[in-house]
Amino acid sequence: MTPPIAPHSAMMGPPRYRRGWVDDAVAAIEADQCRTADTHLIRLIVPALAGIDIYLKDESTHPTGSLKHRLARSLFLYALCNGHIREGTPVVEASSGSTAVSEAYFAQMIGVPFYAVMPRTTSAEKIAAITHYGGNCHLIDDGRFLYAEAAALAARLGGHYMDQFTFAERATDWRGNNNIAESIFNQLQGERCPLPEWIVMSAGTGGTSATIGRYLRYRRHPTRLCVADVEHSAFFDAFCKGDCAQTCERPSLIEGVGRPRCEPSFVPGVVDRMMKVPDAASIAAMNVLTRRLRRPVGGSTGTNFLALCRLAAQMREAGTTGSLVTLICDSGERYRQTYYEPQWLAARGLDPAPVEAVLTAFLDTGTPMGLDILDADNPCQMRGAA
Ligand SMILES: *Cc1c(COP(=O)(O)O)cnc(C)c1O
């Protein structure tokens with residue numbers, strides 16, 4: 001005897017199993033991506049550097065103002081699809097600000113409470129943005145306790161510690177899915193040199209450089225990856241010494257990049273070269289690029305641009321041509337009261353003027369750059385890497 005067939009299933013097939021809230025949360029995040037355009041790849045016109053084409057991937061135009069929009073989306077999808085975030089789960093993050101802004105945006109979108117644990121020095125603009133999206137800010141004095149404080153808060157709330165510094169490298173689909181690397185190569189298709197000599201990126205979590213470096217290998221592109229580290233950060237020493245245990249006591253002045261420890265999401269094995277950019281030089285390059293683009297960029301974009309200019313200068317000296325790509329990580333609007341404020345710079349002993357003069361001369365006339373910057377090729381695979 002055949003079982004009776006319910007009239008509705010004859011018409012619509014068997015009733016579909018639904019995961020309810022999680023399905024809706026994932027759908028809301030996917031719909032947001034659907035509404036959002038890709039970011040621009042801007043060509044910087046520098047007549048004095050004939051044969052060297054410079055491109056800037058403008059991540060400041062995401063809805064939440066930085067490249068962390070991509071990371072926050074990936075982290076939320078990763079946590080939802082792993083069953084870590086359910087209806088009502090409080091989400092906690094350790095952040096220097098930008099990630100928390102973007103995560104607050106997605107938390108509000110799917111309706112879960114959000115808590116950002118951040119250093120007290122985080123810019124007022126970022127704190128205001130997190131609050132705007134309904135997030136809570138928990139400010140601490142000593143940045144070294146950021147991770148422990150965030151984990152402890154999540155435990156107290158019965159929530160989920162997102163832990164960008166661990167999960168950034170694995171939450172992103174490095175093989176494609178229009179990740180930042182795939183997007184850059186797609187956008188270069190019509191250019192004179194569609195395969196760049198170098199892609200340059202600074203490191204905060206290290207996640208973006210990990211995605212780019214893996215993608216280069218996966219697609220077998222000849223492009224190399226240069227990571228620009230900042231003055232107060234553990235990444236460069238860890239890379240040179242092949243030792244993940246390196247630390248840096250002083251907190252980075254350049255928001256979003258430079259870490260006291262070599263973060264688990266930093267994947268040194270896919271980095272071809274690193275440079276160590278002094279903070280005054282990052283600010284100098286930020287100012288120079290801001291004038292050339294006629295709009296303000298953030299400090300880490302200055303770090304990126306200085307390393308890119310050094311590579312361009314070395315290409316000129318060697319008589320090679322080709323293209324170079326880096327990122328505009330966020331806008332300078334967030335740093336009006338800091339990097340763009342002469343008194344703020346003077347109070348920290350930062351004088352960008354000398355490097356600004358050298359960089360301007362290089363971009364205006366191609367004059368070789370005599371900058372004393374630490375620069376190292378990948379010495380070996382890291383020992384003690386997770
Ligand atoms: C996070 C961040 C970076 C570095 O990106 P990672 O992928 O975390 O290494 C650079 N600039 C800004 C402004 C950032 O917020």
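Which pocket is the space taken by the ligand? In this predicted model, the space taken by the ligand is the largest pocket, and the description below therefore begins with the ligand and its shell, given that a molecule is assigned to a pocket if more than half of its atoms lie within 2 Å of the grid points of that pocket.

The ligand is surrounded by 17 residues, among which K68, G204, T205, T208 and S300 are the closest. When the residues of this shell are divided by class, five are nonpolar, nine are polar and three are charged. Two elements of secondary structure, strand 7 (198–202) and helix 9 (207–218), each contribute at least two residues to the shell. Oxygen atoms of the ligand also lie at short listed distances from polar atoms of the protein: the side chain of T205 places an N or O atom 2.7 Å from a ligand oxygen, a polar backbone atom of G206 is found 2.8 Å from a ligand oxygen, and an N or O atom in the side chain of S98 is 3.3 Å from a ligand oxygen. Of the 380 Å² that the ligand exposes when taken alone, 98% is buried by the protein.

The largest pocket itself holds about 840 Å³ of space. Its lining comprises 46 residues, and those lying nearest the centre of the pocket are R70, L71, R73, S74 and T172. By class, this lining is made up of 14 nonpolar, 21 polar and eleven charged residues. At least two lining residues come from each of helix 2 (21–35), helix 3 (68–81), helix 7 (164–171), strand 7 and helix 9, with helix 3 giving the most, namely eight residues. Strand 7 and helix 9 thus appear in the lining of the largest pocket as well as in the shell around the ligand.

Apart from the pocket, the structure holds one cavity of 30 Å³ or more, and the space in the largest cavity amounts to about 70 Å³. The residues that line this cavity are K68, S95, S96, G97, S98, T99, Q164, F165, G204, T205, G256 and R259, and by class they include one nonpolar, nine polar and two charged residues. Helix 4 (98–110) and helix 7 each supply at least two residues of the cavity lining; helix 7 is also among the elements that supply at least two residues to the lining of the largest pocket. K68, G204 and T205, which line the largest cavity, are likewise listed among the residues closest to the ligand, and S98, another residue of the cavity lining, is the one whose side chain has an N or O atom 3.3 Å from a ligand oxygen.

Note on methods
Residues numbered from 1 in each chain as written. Predicted model: local features only at pLDDT ≥ 70, side-chain atom pairs only at ≥ 80, totals over all residues. Heavy atoms only, no water. Near = heavy atom within 4 Å. Polar contact = N/O pair within 3.5 Å; in protein donor to acceptor, adjacent residues only side chain to side chain. Areas by Shrake-Rupley, 256 points an atom, 1.4 Å probe, with all protein chains shown as cover. 1 Å grid on protein atoms, 1.4 Å probe; cavity = no way out; pocket = protein on both sides within 12 Å on 5 of 7 lines; lining within 4 Å. Helix = DSSP H or I, 4+ residues; strand = E, 2+ residues; numbered from the N terminus. Nonpolar A, V, L, I, M, F, W, Y, C, P; charged D, E, K, R; others polar. Points joined across faces, edges and corners; volume = space filled by probe spheres on them.
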